[in-house]
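I opened the model today and went through it region by region. These are my notes.

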Amino acid sequence: MGKPVDFAEKYYRDGADELFYQDVVASLYGRNSIKDLIKETSQNVFIPITVGGGVRSIHDMHELLRYGADKVSINTVAINNSNIIKEAVRVFGSQCIVVAIEIMRSGISSWEPLTMSGRQHSRLDALDWAKQVVDLGAGELFITSIENEGTKKGFNFDFVDQLVDKVNVPVVLHGGAGNPNEVVEAAKRGLSGVAIASILHYGLFTIEKIKKELKSAGIKIRL
Amino acid sequence: MTEKLTIVDYGLGNLHSIQKAIEYVGAKTVFDRDGTAIVDSEKVLLPGVGAFAEGMKRIKSRQQLKPIIKFAASGRPLLGICLGCQMLLSSSDEFDGADGLGLIPGKAIKISETKEPIPHVGWEALKLRPSLSCANIPFPSITEGMWTYFIHSYHAMPEEEEYICATCEYGESEVTAIISKKNIYGFQFHPEKSGEAGLEMIRDFIKL
């Protein structure tokens, strides 16, 4: 599609409030090249950057932050060893530690977090897991609905509707944004943010258009 | 005048971002990692992401504590950002509590009970408080309602109200955004992450 850094700079100029880099297959291949991407991005982009994918240790987090990330997002490593959340919070503070939860429906109103880019089952309940990571100090939850991701058919609000009342940290929803109205809907449901990829990457809507919709719906937003 | 701006590197935080923002607006930066570069600087910037006690511990172990205090007494500009802003104070309630640099009397306290999520993460519009101590704050780009990016759970609560120059609303809470006492300035938000508006504030700082 092009270079990620070019997209990043365009979104910055267009008024994005935050960038989220997700190296989707990093855990599978054990790679770390995203550091160079962060370094390059932060030359010209002056909004927060959250980086996830393949973070395996406190040392990795340290490196990402030094290269220009503001927050690090962890999934697989947290499920394998939840103590790392506590340790990371002690060193970097809660605000720095995002736990990404990739959910797959496992029952009528239950969801399972998956790891390794959606390839591995955790056998956990996503709602219990979310509460647990918040208790351990995670400062933000980044929820991806795997079934919705890339579909542009709308967000999955079922899980986050249950979640937002039970945790007192920001919840960002990702997966399925198809148009600005759905973003307005997300804001009205008490979500702190939404992550949008496909409709921006393919140029279907601009950030400006989405933010104008939010503003005209009465939501406080930086234009 | 040389534009020697020293960034205190105590081993925590997004040094790359703040360095890039300063270079972007046209100033050179030096990192201090052992306390030796601070005292002779024109300006010092104390960045910060992380936990208060951990930050102070590292500042002490890198021999930076005394040089920062000495620099602050010189009357030259010292700007603390986020955790760096909180560390300007006497102490913090975070975890089991810890002493700070003590340059502005007061302490870092948790954002008061609110229905809103903690940490407070996101963009907020500044509300200026033109107190006596802040009337001459040398940042002309800072204006009422300007949007800045916050990411924190604690905020500065100086002993004297007049050291608070700006706040923002967060749910029903009022959060301290800018503190100042003489040549000491603290931004709770991240100017280096607040888009063009934030870059303007950094421009103001390098012009001081």
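I began at the end of helix 9 of chain A, in a predicted model. Just after that helix, Gly190(A) takes a positive phi of about 90°.

I then went back into the helix, which covers residues 180-188 of chain A. Which of its residues are buried? I found Pro180(A), Glu182(A), Val183(A) and Ala186(A) buried. Viewed down the axis of helix 9 of chain A, the buried residues fall within an arc of 155°, so they line one face of the helix. I noted the general rule beside this: an α-helix has 3.6 residues a turn, so residues three or four places apart point the same way. On the other side of helix 9 of chain A, I listed Asn181(A) and Lys188(A) as exposed. I also looked up what the buried residues of this helix pack against: strand 8 (171-174), strand 9 (193-195) and helix 11 (207-216), in chain A.

**Chain A as a whole**

I counted 11 helices and nine strands in chain A. For 223 residues, a compact globule would have a radius of gyration near 17 Å, and chain A has 17 Å, which agrees. Along the principal axes, the C-alpha atoms of chain A fill a box of roughly 45 × 45 × 30 Å. Of the 223 residues in chain A, 44% are buried. I took the contacts in chain A with a separation of 6 or more and found that residues 24 or more positions apart account for 62% of them.

**Nonpolar core**

Next I looked up the largest nonpolar core, which has 124 residues. Which of its residues touch the most other members? They are Val72(A), Ile97(A), Val99(A) and Ile143(A). Strand 4 (residues 97-107) of chain A gives the largest share of this core, six residues. I followed Ile97(A) further, leaving out residues up to four places away in sequence. Ile97(A) touches Val72(A), Ile85(A), Ala88(A), Val89(A) and Phe92(A), and also Gly137(A), Ala138(A) and Gly139(A).

**Chain B as a whole**

For chain B, I counted five helices and 14 strands. With 208 residues, a compact globule would have a radius of gyration near 17 Å; I have 15 Å for chain B, which agrees. The C-alpha trace of chain B spans about 45 × 35 × 30 Å along its principal axes. Buried residues come to 54% of the 208 in chain B. Of the contacts in chain B between residues at least 6 apart in sequence, 72% join residues at least 24 apart.

**Sheets of chain B**

I traced an open sheet of eight strands in chain B, with the order 2-1-3-4-14-13-12-9 and mixed pairing. Strand 2 (28-32) and strand 9 (127-128) of chain B stand at its edges with a single partner strand each, so one side of each is left without a neighbour in the sheet. Within chain B, strand 1 (residues 4-8) and strand 3 (residues 43-46) pair in the parallel sense over three bridges. I noted Leu5(B) opposite Lys43(B) in strand 3 of chain B.

I then traced an open sheet of four strands in chain B, with the order 6-5-7-11, also with mixed pairing. Its edge strands are strand 6 (98-99) and strand 11 (154-158) of chain B, and each pairs on one side only. Strand 5 (residues 89-92) of chain B pairs with strand 6 of chain B in the antiparallel sense over two bridges. What is the bridge partner of Ser92(B) in strand 6 of chain B? I found Ala98(B).

At the other edge, strand 7 (residues 104-110) of chain B pairs with strand 11 of chain B in the antiparallel sense over five bridges. Gly106(B) stands opposite Pro158(B) in strand 11 of chain B. Is strand 11 of chain B enclosed or open? Four of its five residues are buried, so strand 11 of chain B is largely enclosed by the rest of the structure.

**Contact between the chains**

Last, I looked up where the chains touch. The contact takes 27 residues from chain B and 26 residues from chain A. On the side of chain B that touches chain A, the elements that give two or more residues are helix 1 (15-24), strand 8 (120-125), strand 10 (147-152) and helix 5 (195-207) of chain B. Helix 1 of chain B gives the largest share of that side, five residues. I sorted the residues on that side of chain B into 13 nonpolar, 10 polar and four charged.

Notes: Residues numbered from 1 in each chain as written. Chains lettered and ligands numbered in written order. Predicted model: local features only at pLDDT ≥ 70, side-chain atom pairs only at ≥ 80, totals over all residues. Buried ≥ 20, exposed ≤ 12 C-beta atoms within 10 Å, placed from the backbone. Arc of directions from axis to C-beta. Contact = placed C-beta atoms within 7 Å. Pairing = 2+ DSSP bridges. Nonpolar A, V, L, I, M, F, W, Y, C, P; charged D, E, K, R; others polar. Rg over C-alpha atoms; globule rule 2.2 N^0.38 Å. Core = buried A, V, L, I, M, F, W, Y, C linked by C-beta atoms within 7 Å.
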